[in-house]
Amino acid sequence: MPESSGEFKIACGRKELDRLNAWRQQAESEGWLSDFTAALRTIQEKLAAEPLNWGEALCRLRMLDLTVCIGICRPLQVRYAVDAHRNIVHIKTFGLLPIPPSP
């Protein structure tokens, strides 16, 4: 299904925002804040502009007319559902991938 024109609104619950904030604090204290913020910025840009082209589609919820996807931008992964008719991306969960050790 082609994406609708225009920017998508991103809907994210408080629990996931709190989780991101905790990881941001961890990233700052452990020295990988620039990687974390770059990943978060990329995810936001991709979900707002091209959510169906960026992530991998996992399934289609026909009754809700949603496409469920997963996207990865190290060190983050995001599971989300796209409502292409309303231009809304619903964030389901964020995940933190293992951080490789520094050389």
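Helices here are DSSP runs of at least four residues and strands are DSSP runs of at least two, both numbered from the N terminus. These legends describe a predicted model.

**Figure 1. Overall fold of the protein: three helices and five strands.**
Along the sequence, the elements run β-α-α-α-β-β-β-β. One strand thus comes before the three helices, and four strands follow them. The C-alpha atoms fill a box of roughly 45 × 25 × 25 Å along the principal axes. The chain has 103 residues, and 35% of them count as buried. Take the contacts between residues at least 6 apart in sequence: 50% of them join residues at least 24 apart. The accessible surface is about 6600 Å². Carbon and sulfur atoms account for 52% of that surface.

**Figure 2. Charged side chains of the protein: 13 positive and 12 negative.**
The centres of the two sets lie 6 Å apart. Side chains of opposite charge can pair when their charged atoms come close. The count of salt bridges in this model is six. Figures 3 to 5 show three pairs, among them Asp-18 with Arg-14.

**Figure 3. The Asp-18 and Arg-14 salt bridge in helix H1.**
The closest N and O atoms of this pair are 3.5 Å apart. Helix H1 covers residues 14-30 and holds both partners. They are four residues apart, about one turn of the helix. How accessible is each partner? Asp-18 has 42% relative accessibility, so Asp-18 counts as partly exposed. Arg-14 has 58%, so Arg-14 counts as exposed.

**Figure 4. The Arg-19 and Glu-16 salt bridge, also in helix H1.**
Here the closest N and O atoms are 3.6 Å apart. The two residues are three apart in sequence, about one turn of the helix. Is Glu-16 buried or exposed? Glu-16 counts as buried because its relative accessibility is 6%, and the cut-off for buried is under 20%. Arg-19 reaches 28% and counts as partly exposed.

**Figure 5. The Arg-24 and Glu-28 salt bridge.**
The closest N and O atoms are 3.4 Å apart. Both residues belong to helix H1. Because Arg-24 and Glu-28 are four residues apart in this helix, about one helical turn separates them. Arg-24 is partly exposed, at 30% relative accessibility.

**Figure 6. The largest nonpolar core, with 21 residues.**
Ile-43 and Tyr-80 have the most contacts inside this core. Which elements give two or more residues to the core? They are H1, helix H2 (33-49), helix H3 (51-54), strand E3 (66-73), strand E4 (76-83) and strand E5 (88-96). In soluble globular proteins, nonpolar side chains tend to be buried together.

**Figure 7. Close-up of Ile-43 and its contacts.**
Set aside the neighbours within four places in sequence, and Ile-43 touches five residues: Trp-54, Cys-73, Leu-76, Val-78 and Phe-94. Ile-43 itself is one of the two residues with the most contacts inside the largest nonpolar core.

**Figure 8. A cis peptide bond from Arg-74 to Pro-75.**
Omega of this bond is near 10 degrees. Where does Pro-75 lie? Pro-75 is in the loop between E3 and E4.

**Figure 9. Asp-65, a residue other than glycine with positive phi.**
Phi of Asp-65 is near 55 degrees. Asp-65 sits in the loop between strand E2 (56-61) and E3. The relative accessibility of Asp-65 is 26%, so Asp-65 counts as partly exposed.

**Figure 10. Asn-87 in the loop between E4 and E5.**
Phi of Asn-87 is near 55 degrees, a positive value in a residue other than glycine. Is Asn-87 buried or exposed? Asn-87 is buried, because its relative accessible area is 14% and the cut-off is under 20%. How far apart are the C-alpha atoms of Asn-87 and Glu-7? They are separated by 7.0 Å, although the two residues are 80 apart along the chain.

Key. Residues numbered from 1 in each chain as written. Predicted model: local features only at pLDDT ≥ 70, side-chain atom pairs only at ≥ 80, totals over all residues. Heavy atoms only, no water. Buried < 20%, exposed > 50% of the residue type's maximum accessible area, 1.4 Å probe, protein only. Contact = heavy atoms within 4.5 Å. Areas by Shrake-Rupley, 256 points an atom, 1.4 Å probe, with all protein chains shown as cover. Lys, Arg positive; Asp, Glu negative; His and termini not counted. Charge placed at Lys NZ, Arg CZ, Asp CG, Glu CD. Salt bridge = Lys/Arg side-chain N within 4 Å of Asp/Glu carboxyl O. Core = buried A, V, L, I, M, F, W, Y, C linked by side-chain atoms within 4.5 Å.
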